Structures are given as C-alpha cells and as structure tokens.
Amino acid sequence: MLCAEFGFNEHHQNEVINYMRFARSKRVLRLKTIDSCFEELKDSRLVDETFTVDEVKEMLDGLQVVVRGEVEMELINTAHTNVLLLRQLFSQAEKFYLRLQSDISELENRELLEQVAEFEKTDFKTTDKINQETSKPKLAPLNESGVSELLNKEISRLQEENDKLKSRLRTLESQAMSALDEKTRAERALKDLQKVQGEQQVSAQSQEISSLEDTVAALRVDYERSVSANAVSQKDLQENLIASKHELLRVQEQLNMAEKELEKKFQQTAAYRNMKEILTKKNEQIKDIRKRLQRYEPNE
C-alpha cells in the first residue's frame, strides 16, 4: 500500500517501516512515562477524601509542569532524531553526487498524513515479522545502467587520475624539500669555513698587534729610563719612538693588505669553487622543480 502510493520500492519501504517502528517504540515509552506521572499523583496526593480548591489547583499545576516537560522532551528528541536521519540520507547521497531537496509544505499535507496513519494501522502490522538482523545498505542509485553507470565509471576514472596527480605532487614536493635541505647544508658549510678562516686571520693579526704593542711599551720604558739617566739622548729616543709608531702603522697596513690578499686567494681555492658550483646546481634544480610544480598545479 505504502509502496504504491508513495513510490517506494521494497527496500525503501522496509527502511520506512524500521523508522516507524523505532518512532512507535519511543512514543509508547513516553506515554508510559506520562501515565506513571498520573499514577504517582494518585498514590502520593489523593489520600484524603476532601480537598480545597487551592490544593486541587496546586496538584494540577504540578502535574501540568511534569506532563509539559515530558511532552516537550519527546518533541525535542523527535526533532533531533529526524535531523540525524536526514544527515545520514544526505551523507549517503553526496557519495554518489546526488543533491536531495525537501518540500516543507508537504509535511503538513493532511491527506498524506492520513495515508501514513492508515498504513501504520494495517500494513505496518503485517510487516512486524521482517528480519531485523539484515545489514544496513547505503543509499545507491535505483538504476545502475545507462547514464548512471557511465557517470560512476567517469567518477572512478577521475578519482584514480586525481590520486595519481596527488602522488606525483607529493614526490615533487619531496624532491624540492631535499634540494632545499642540501642547499641549506651547503650554505651552512660555506659559512662555517669562512668563519674558521676569519678566526684564523683575526688570531694572527691579534698576535702581531700584541707583539708590536709590547715593542712600543718596551721602547717607552727605555725612553723613560734614558730620560732619567741621560737628558742628552732624549732627542734620539723620541725619534726612535716616532719611528716605531710609523713602523707600527706600516705593519698594520701590510696586515690589512695581507688579509685582502688572503681572502682573494681563498676565493680562488678549489673548496670555494666547489661550494659555489654546488650552490649554483642546487639553485638550478630548484628552479626546474618549481617549473614542473607549476605545470601540474598552476593554481597553487
């Protein structure tokens, strides 16, 4: 009956029956709860033969609050249960790229509601012996031939191609990350080498300057001793001190020139050329990988 009037096939009719059976069990349970509220009132409050108007009003008000709460809870639970049912249907439909739509106005169609009620009274009772242990099949198209079959094949092909492109993209990203890591390690090694060379140069310059400073200090001591011992040699000592200062400046200039020459020679060494060649190759690899990435994922 329900199958003919609503356009359900046998499988969908069984699903509807299962849901109606679930709703009926929840409804019966809630009605029993409401009946127990009245029975509790009778057993606990209706113990006297006479009641005042205020006492009767108080009992009815209390019963109204309890019954209202039970009915409201059932209505809320029913609404939430329907939302979960719709969520399952929509989720299954999306897997087959179906867009379900609902007409809210049909939910208040009195004629259809009466047909559902009649079905629950008659046909629903004859289907109570249906096996409840059957598995829950997913929502699938009713017609697997023709356009639907071609659509499913095309979807499978596109998904497979998309998976291959994603795998290729992950491979290219891995290669790009490896190249960047190698470039970073090469730059770090070059910086460490330059730092070691610079520290060695600074150490040598410091020792030379320290030696010259010791020489100047010794000359100053000799100068002061000579001044105190013999005033005649004061002029010679001053000339020696000036000459030593000039020598110090000359040596410092030579050290600066030597430092520049050492840096120039270091740039001409095989290690420096190798490091520079490695960095050049890695930059070219990164440019090539970026071009290839843009070819597969132009939007990204």
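**Notebook: rings, charges and a patch**

I started with Leu31, which is partly exposed, with 46% of its relative area accessible. I then looked up where Leu31 sits, and the place is helix H2. A note to self before going on: this is a predicted model.

Next I checked what lies across from Leu31. Its C-alpha atom and that of Glu70 are separated by 9.0 Å, although the two residues are 39 apart along the chain. I'll come back to Glu70 further down.

**Entry: aromatic rings**

How many aromatic pairs does a search of the whole structure find? I got one. The partners are Tyr19 and Phe22, and their pair is tilted, with 6.5 Å centre to centre and 40° between the planes. I had to remind myself that a ring pair is described by the distance of the centres and the angle of the planes. The word "tilted" fits because 40° falls in neither of the other classes, stacked being under 30 degrees and edge-to-face over 60.

Where are these two along the chain? Tyr19 and Phe22 both belong to helix H2, which covers residues 10–44, and they are three residues apart, so about one helical turn separates them. Then I asked myself whether each ring is buried or exposed. Tyr19 comes out as partly exposed at 27% relative accessibility. Phe22 is also put down as partly exposed, at 38%.

**Entry: salt bridges**

I searched the whole structure for salt bridges and the count was nine. The idea I keep in mind here is that side chains of opposite charge can pair when their charged atoms come close. I wrote up three of the bridges.

The one I took up first joins Arg30 and Glu74, whose closest N and O atoms are 3.1 Å apart. Arg30 is in helix H2 and Glu74 is in helix H3 (residues 53–95), so this bridge ties together parts that lie 44 residues apart in sequence. I looked up the cover on both ends. Arg30 has 18% relative accessibility and counts as buried, and Glu74 counts as buried too, at 13%.

Then I turned to Lys282 and Glu182, where the closest N and O atoms are 1.9 Å apart. This pair links distant parts of the chain: Lys282 is in helix H8 (residues 270–296) and Glu182 is in helix H6 (residues 147–229), with their positions 100 residues apart. Lys282 is buried, at 13% relative accessible area, whereas Glu182 is partly exposed, at 30%.

My last bridge is the one between Asp288 and Arg292, at 3.7 Å from N to O. Both partners are in helix H8, four residues apart, so they are separated by about one helical turn. Asp288 is partly exposed at 39%, and Arg292 is partly exposed at 23%.

Here Glu70 turned up again. Arg30, Glu70 and Glu74 are joined into one network by salt bridges that share partners.

**Entry: a charged patch**

Which residues form the negative surface patch? I listed Asp48, Glu49, Asp54, Glu55, Glu58 and Asp61. I picked Glu55 from the list for a look, and found it in helix H3. Glu55 counts as partly exposed, at 33% relative accessibility. That agrees with its place in a patch, because patch residues need over 30% relative accessible area.

Methods:
Residues are numbered from 1 along each chain as its sequence is written. This is a predicted model: local features need pLDDT of at least 70, side-chain atom pairs count only at pLDDT 80 or more; totals for chains, interfaces and linings use all residues. Side-chain values use heavy atoms; hydrogens and water are left out. Rings of Phe, Tyr and Trp (its six-membered ring) pair if their centres lie within 6.5 Å; planes under 30 degrees apart count as stacked, over 60 as edge-to-face and the rest as tilted. Helices (H or I, at least four residues) and strands (E, at least two) are DSSP runs, numbered from the N terminus. Buried means under 20% relative accessible area, exposed over 50%, partly exposed in between (1.4 Å probe, protein chains only). A salt bridge is a side-chain nitrogen of Lys or Arg within 4 Å of a carboxyl oxygen of Asp or Glu. Patches are made of residues with over 30% relative accessible area and no salt bridge: like charges are joined within 9 Å, nonpolar side chains (Val, Leu, Ile, Met, Phe, Trp, Tyr) within 5 Å. Accessible areas come from the Shrake-Rupley method with a 1.4 Å probe; for residues, only the protein chains shown count as cover. Lys and Arg count as positive and Asp and Glu as negative; His and the chain ends are not counted. The place of a charge is taken as NZ of Lys, CZ of Arg, CG of Asp or CD of Glu.
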